[in-house]
Amino acid sequence: MSLYQDYCLAPLQDWALSGAAVGQLRQRVVEPAAGRVLEIGFGTGLNLPFYRSAVTSLTLLDSERLLPARVKRRMDACRARHIVTVQTTAERLPFESATFDCAVSTFTLCTIPDVAAALAELRRVLKPDGHFYFAEHGRSDSRSIARWQDRLNPLQKWWACGCHLNRPIERLVREAGLGITALDRAPLAGVPRLIGEMYVGEARCPNFPTS
């Protein structure tokens, strides 16, 4: 982790992604989770207040250790029954196949270097018919906005430590073999569409993973 990411970007993102509009999306995505749950890219733990006691085991995975004091406070207040943190990348998950009932991802798929590998791993560790709940920003349906996303993506990746503006989240989820059962593409209120084009939905693992 760089000093820039630790002391500048992480506090800025924690503030920017803790507003009311984003909080409503987080609640919508996280509250249905139950049983054994895996969250990839949990960051500073902004989803933790929305997990219910129906979550019997919550595994929080991230490649970085961001704002640990804030994360601890949020973990202490979380209603999930058992919480474990794992510091590793999402491209190679250290779990047996068909381990989790649900997986959660919010504002994470934009930054994972090999997002296709991460989604394939997510599908592998989900139980048959398991749920994947997500809220991600990505490529716009508007051609003009998408062109600007492509132009500005190199700058975004540089200042935001690998975050992409233009990833086609729906296509990536489907290509991983997860069947999307619900999807809302409404832009995030009060945020420029370049960075606020949201994919909020649910996908299912349609059959037992083969590898």
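Helices are DSSP runs of at least four residues, numbered from the N terminus. This numbering is used for the predicted model described here.

The second largest pocket has a volume of about 210 Å³. Its lining comprises 13 residues, with Phe42, Arg65, Val71, Met75 and Thr85 closest to the centre. Helix H3 (68–77) and strand S3 (83–87) each contribute at least two lining residues. H3 provides the largest share, four residues. By class, the lining of this second largest pocket holds six nonpolar, three polar and four charged residues.

The largest pocket encloses about 1,200 Å³. It is lined by 50 residues. Nearest its centre lie Gln13, Leu17, Phe107, Cys110 and Thr111. Several elements each supply at least two residues of this lining, among them helix H1 (3–16), helix H2 (20–30), strand S1 (35–40) and strand S2 (55–62). Helix H5 (143–159) and helix H7 (193–196) do so as well. The largest share, seven residues, comes from H1. The lining of the largest pocket divides into 26 nonpolar, 18 polar and six charged residues.

H1 also contributes to the surface. A nonpolar patch of about 750 Å² is formed there by Tyr4, Leu12, Trp15, Leu155, Trp158 and Trp159. H1 and H5 each supply at least two of the patch residues. Leucine 12, in helix H1, counts as partly exposed because its relative accessibility is 39%.

Across the whole structure, 13 salt bridges were found. One of them joins the side chains of aspartate 76 and lysine 72, at 2.9 Å from N to O. Both residues lie in helix H3, four residues apart, or about one turn of the helix. Both are exposed.

A second pair links two strands. Lysine 127 forms a salt bridge with aspartate 101, and their closest N and O atoms are 3.2 Å apart. Lysine 127 belongs to strand S5 (residues 126–137) and aspartate 101 to strand S4 (residues 100–106), so the pair ties together parts 26 residues apart in sequence. Lysine 127 is partly exposed, at 28% relative accessibility. Aspartate 101 is also partly exposed, at 24%.

A further salt bridge connects the side chains of arginine 193 and glutamate 197, with an N to O distance of 2.5 Å. Salt bridges with shared partners join Asp141, Arg185, Arg193 and Glu197 into one network. Arginine 193 is partly exposed, at 39% relative accessibility. Glutamate 197 has 2% relative accessibility and therefore counts as buried, the cut-off being under 20%.

Notes
Residues are numbered from 1 along each chain as its sequence is written. This is a predicted model: local features need pLDDT of at least 70, side-chain atom pairs count only at pLDDT 80 or more; totals for chains, interfaces and linings use all residues. Side-chain values use heavy atoms; hydrogens and water are left out. On a 1 Å grid over the protein atoms alone, a cavity is a set of points where a 1.4 Å probe fits but cannot get out, and a pocket is an open set with protein on both sides within 12 Å along at least five of seven lines; lining residues have an atom within 4 Å of a point. Grid points are joined across faces, edges and corners, and a volume is the space filled by probe spheres set on the points. Ala, Val, Leu, Ile, Met, Phe, Trp, Tyr, Cys and Pro count as nonpolar, Asp, Glu, Lys and Arg as charged, and the others, Gly among them, as polar. Patches are made of residues with over 30% relative accessible area and no salt bridge: like charges are joined within 9 Å, nonpolar side chains (Val, Leu, Ile, Met, Phe, Trp, Tyr) within 5 Å. Accessible areas come from the Shrake-Rupley method with a 1.4 Å probe; for residues, only the protein chains shown count as cover. A salt bridge is a side-chain nitrogen of Lys or Arg within 4 Å of a carboxyl oxygen of Asp or Glu. Buried means under 20% relative accessible area, exposed over 50%, partly exposed in between (1.4 Å probe, protein chains only).
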